[in-house]
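Welcome, and thanks for opening the viewer. Keep the selection panel at hand, and let us walk through this model stop by stop.

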Amino acid sequence: MRRFSLAVVAASLCGVAFSRRPSDNWTEFRGNGGTGRTEATGLPREWSETQNVAWKTAIHGKGYSSPVIWGKQIWMTTGAPDGKELSVVCVDKDNGKILVDHKLFEPPKVNAEWGAKFNNSYASPSPVIEEGRVYVHYGCYGTACLDTKAGKVVWARADMLCDHWRGPASSPVLYQNLLILQFDGYDVQYVIALDKKSGKTVWKVDRSHDKETSDGDQRKGYSTPTFIEVGGKTQMISVASKGAIAMDPLTGKTIWWAKLNGHSPACRPLFGNGLVYVTVGAGGELVAIKPDGAGDVTATHVAWKAKGAGHKPSPILVDDLIYMVNDGGAAACLDAKTGAQIWQNRVGNAFSASPLYADGAIYFFPDKDPAVVIAAGREFKELGKGQLEVGKNYKATPAISGSALFIRTDTHLYRIEKK
């Protein structure tokens, strides 16, 4: 199950260093806190294969997971296109050298058809990282914790089952001593919390809200939860098919829930201005919910709804403005307090990756078209564009560390930085 060398162990040990600046680490899907925002400055706003590329490293297999970064290490998952091998790769942030290439799982049974038919990979959930540990997740095909200093597997599990139907995508999150995972499959839907040190189950809760259908295709989901503070208490906002649920992350107990009209949600929730912002999945609707209720709050706590949200790309909140792009490339800016549209403009033709914010700019990453960088604000103003390998897919949301973008394509990981 494992391949590793003593030379790589030594290299990885040298690569571990605690970062003094929060903007140097990118700990989970959509960055620290899952907001898509960073305090980093000086990022390039234009790039190409011959402009502002510090290094470029080939990554084997197929994976749409985002890179995560701690100190000088970049970790990401990948898998064979047919799903029969699932691996984790660690790259040196400074020079692009591969430090770790670890085959973790060889699933005995995979649905080889959906990988090509439904435009997903077997390594779409992004890892989550903290000092000394990285946690990787492949849905029902396996979950593992690795020691980032020694490059060794601490624990691994492959017994949390569900039929993802079109593949896994929900990323793991950390809360205190817990690693929390969402399994919203065709057949079963549940949330489970593991002891992050041992991998043992601490709690498991089946989805209990009314999904209004027996069609498994409309009961599945791909969203990643977000943690918020309300009245001095932590809520975990978990979006599933037909519902947004606030849970106690320590127990899994439901605090409140609101009915949604879509299914197969994939976007990560946002929180600000006293509101939780969730997308419904299929249906393209963004819903703002006041999180201070209890029980079913559908009729009492939904503040506003707006059309035009993406199914796959998560929206981004900057102060009192929400920026979003749908899967077809139409971007929009909304007033975060009212949902009123401020502007709309096309930034590409097909989207999977989520936008990012840094240093006054919003970065949009289409699947194949050039990336578009715009000024954050109430007027649409283009600041630059970036294009790497023409014809390659850019479905993984990039990571940011320091003054560099780390962009993953079908075949390579790039460090994009001003020379």
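Start by selecting Tyr357 and Ile362: the bridge partner of Tyr357 in β29 is Ile362. Bear in mind as you look that this is a predicted model.

**Stop 1: the strands around that pair**

Now widen the selection to residues 356–358, which make up strand β28. This strand runs antiparallel to β29, and 3 bridges join the two. Together β28 and β29 form a hairpin with 2 residues between them. Click on Asp359 in that turn, where phi is positive at about 55°.

**Stop 2: both faces of β29**

Next, select residues 361–364, strand β29, and show the side chains. In a regular strand, side chains alternate between the two faces of the sheet. Which residues of β29 lie on each side, and are they buried or exposed? Ala361 and Tyr363 sit on one side, Ile362 and Phe364 on the other, and all of them are buried. Both faces of β29 are thus covered.

**Stop 3: across to β30**

Add residues 371–375, strand β30, to the view. β29 and β30 pair in the antiparallel sense, with 4 bridges between them. Two cross-strand pairs are good to label here: Ile362 stands opposite Ile374, and Tyr363 has Val373 as its bridge partner. β29 and β30 also form a hairpin, this one with 6 residues between the strands.

**Stop 4: a proline in the loop**

Stay in the loop between β29 and β30 and pick Pro370. Its relative accessibility is 29%, so Pro370 counts as partly exposed. What does Pro370 touch, leaving aside residues up to four places away in sequence? The answer is Val347, Lys385, Gly386 and Gln387.

**Stop 5: the whole sheet**

Zoom out to see the sheet that these strands belong to. It is an open sheet of 5 strands in the order β1-β28-β29-β30-β31, and the pairing is mixed. Select 37–38 for β1 and 382–386 for β31 to find the edges. Each of these has a single partner strand, so one side of each is left without a neighbour in the sheet.

**Stop 6: a jump to another hairpin**

Draw a distance from Pro370 to Val202: their C-alpha atoms are 44 Å apart in space, and the two residues are 168 apart in sequence. Then select residues 189–195 and 201–206, strands β13 and β14, which run antiparallel and are joined by 5 bridges. Val191 has Val205 in β14 as its bridge partner. The hairpin of β13 and β14 has 5 residues between the strands, and Gly199 there takes a positive phi near 85°.

**Last stop: the full chain**

Finally, show everything. The chain has 2 helices and 34 strands. Its radius of gyration is 20 Å, close to the 22 Å that the globule rule gives for 419 residues, so the chain is as compact as a globular protein of that length. Along the principal axes, the C-alpha trace spans about 60 × 50 × 45 Å.

Colour by burial, and 61% of the 419 residues will come up as buried. Among contacts with a separation of 6 or more, 55% are between residues 24 or more positions apart. On the outside, the chain exposes about 15,800 Å², with carbon and sulfur atoms supplying 49% of that area. To end, colour by charge: there are 50 positive and 42 negative side chains, and the centres of the two sets lie 2 Å apart.

Notes. Residues are numbered from 1 along each chain as its sequence is written. This is a predicted model: local features need pLDDT of at least 70, side-chain atom pairs count only at pLDDT 80 or more; totals for chains, interfaces and linings use all residues. Side-chain values use heavy atoms; hydrogens and water are left out. The radius of gyration is taken over C-alpha atoms; the globule rule is 2.2 Å times the number of residues to the power 0.38. Buried means under 20% relative accessible area, exposed over 50%, partly exposed in between (1.4 Å probe, protein chains only). Contact means heavy atoms within 4.5 Å. Accessible areas come from the Shrake-Rupley method with a 1.4 Å probe; for residues, only the protein chains shown count as cover. Lys and Arg count as positive and Asp and Glu as negative; His and the chain ends are not counted. The place of a charge is taken as NZ of Lys, CZ of Arg, CG of Asp or CD of Glu. Two strands pair if DSSP finds at least two bridges between them.
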